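User: I'm new to this one and would like a slow walk through it. Could you put it up on the screen before we start?
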Amino acid sequence: MCNLYAQKAGPQAIIKAAKAARNAAGNLEPGKIYPDYAAPIVRMEGDERILTTARWGMPSPAFALKGKKTDKGVTNVRNTSSPHWRRWLAPEFRCLVPFTSFSEPGRDADGKYQPVWFALKDADPEAPAFFAGIWLPQWTGVRKLKEGEVTIDLCAFLTTEPSEPVKSVHPKAMPVILTKPDELERWMTEEWQLAKELQRPLSDGALQARSAH
């Protein structure tokens, strides 16, 4: 499960790659992005595609919230046939989540947790790629007790079966990554029956491991 990724691309590079009309996110601080922190996304606002931000983690299913006072959110979405997720798979809830590298949980020689970083093979380390994301406007609830009730935009991205080299590190899943302009367009505009075909792993070798983000 990807719960940490890096985003080093500048706003103009993201806007150009995603064919967004304007920047509503302001300056973006390059670096690592953790669950429940603000993440840049490209989504529709009216007839425009805009760059903005949302907190990483969609609402949790009801069964996961029993006995809990907070909803920390779900960062990775796999089961798109679930009624919980189906309501947010229409084009108006889809978004592009820019990234430059992502991590999966690995282990060092002593068996201690050590994230392993992956990026598109031979890619510019500051050029954006995109996860296939979904977002939700104006969710109201409690993420942290000390924060209290908030009304915020949320986002997450889809996962799928892993390909190599991710599979050797984390055999359960990897993010759904969109690499071509026509894939970005399909994700943002097509009905689910066509868009769902994008929930698939990249070909083996399309990603490479990196020693750092």
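Analyst: One term before we begin: buried stands for under 20% relative accessible area, exposed for over 50%, and partly exposed for what falls in between. Please keep in mind, too, that this is a predicted model.

User: Okay, so where does Glu147 fall, buried or partly exposed?
Analyst: Glu147 has a relative accessibility of 35%, and because that value sits between the two cut-offs, Glu147 counts as partly exposed.

User: And which residue does Glu147 form a salt bridge with?
Analyst: The partner is Arg55, and the closest N and O atoms of the two are 2.9 Å apart. Arg55 belongs to strand β5 (residues 48–56), while Glu147 sits in the loop between β10 (129–142) and β11 (149–160), so this pair ties together parts that are 92 residues apart in sequence. Arg55 itself is buried, with a relative accessible area of 14%.

User: How many salt bridges are there in the structure?
Analyst: The structure holds eleven salt bridges. As a general point, side chains of opposite charge can pair when their charged atoms come close.

User: Take Arg78 next. What does Arg78 form a salt bridge with?
Analyst: Arg78 forms a salt bridge with Glu161, with 3.6 Å between the closest N and O atoms. This pair also links distant parts of the chain, since Arg78 is in the loop between β6 (76–77) and α2 (83–86) and Glu161 is in the loop between β11 and α3 (166–169), 83 residues apart. Arg78 is partly exposed, at a relative accessible area of 36%, and Glu161 is partly exposed as well, at 41%.

User: What about Glu183, which residue does it bridge to?
Analyst: Glu183 forms a salt bridge with Arg200, and their closest N and O atoms are 3.0 Å apart. Glu183 lies in helix α4 (residues 181–189) and Arg200 in the loop between α5 (192–195) and β14 (207–210), so the parts tied together here are 17 residues apart in sequence. Of this pair, Glu183 counts as buried, with 9% relative accessibility, whereas Arg200 is partly exposed, with a relative accessible area of 21%.

User: Which residues are joined into one network by salt bridges that share partners?
Analyst: Asp36, Arg55, Arg143, Lys144 and Glu147 are joined in that way.

User: Switching to pockets: how much space lies in the largest pocket, and what lines it?
Analyst: About 240 Å³ of space lies in the largest pocket. Its lining is made of 15 residues, and those nearest the centre are Val74, Asn76, Val77, Arg78 and Trp85. By class, the lining has eight nonpolar, five polar and two charged residues, and β6 and α2 each supply at least two of the lining residues.

User: And the second largest pocket, which element gives the most to its lining?
Analyst: That is β3, with three residues. The second largest pocket holds about 170 Å³ of space, and its lining includes Gln7, Leu28, Tyr34 and Thr53. Six of the lining residues are nonpolar, three are polar and two are charged.

User: Gln7 caught my eye there. Is Gln7 buried or exposed?
Analyst: Gln7 is buried, with a relative accessible area of 2%. Gln7 lies in strand β1 (residues 5–7), and a polar atom of the Gln7 side chain is 2.9 Å from the backbone nitrogen of Ala9. Leaving aside residues up to four places away in sequence, Gln7 touches several others, including Ile14, Pro40 and Phe99.

Terms used:
Residues numbered from 1 in each chain as written. Predicted model: local features only at pLDDT ≥ 70, side-chain atom pairs only at ≥ 80, totals over all residues. Heavy atoms only, no water. Helix = DSSP H or I, 4+ residues; strand = E, 2+ residues; numbered from the N terminus. Buried < 20%, exposed > 50% of the residue type's maximum accessible area, 1.4 Å probe, protein only. Polar contact = N/O pair within 3.5 Å; in protein donor to acceptor, adjacent residues only side chain to side chain. Contact = heavy atoms within 4.5 Å. Salt bridge = Lys/Arg side-chain N within 4 Å of Asp/Glu carboxyl O. 1 Å grid on protein atoms, 1.4 Å probe; cavity = no way out; pocket = protein on both sides within 12 Å on 5 of 7 lines; lining within 4 Å. Points joined across faces, edges and corners; volume = space filled by probe spheres on them. Nonpolar A, V, L, I, M, F, W, Y, C, P; charged D, E, K, R; others polar.
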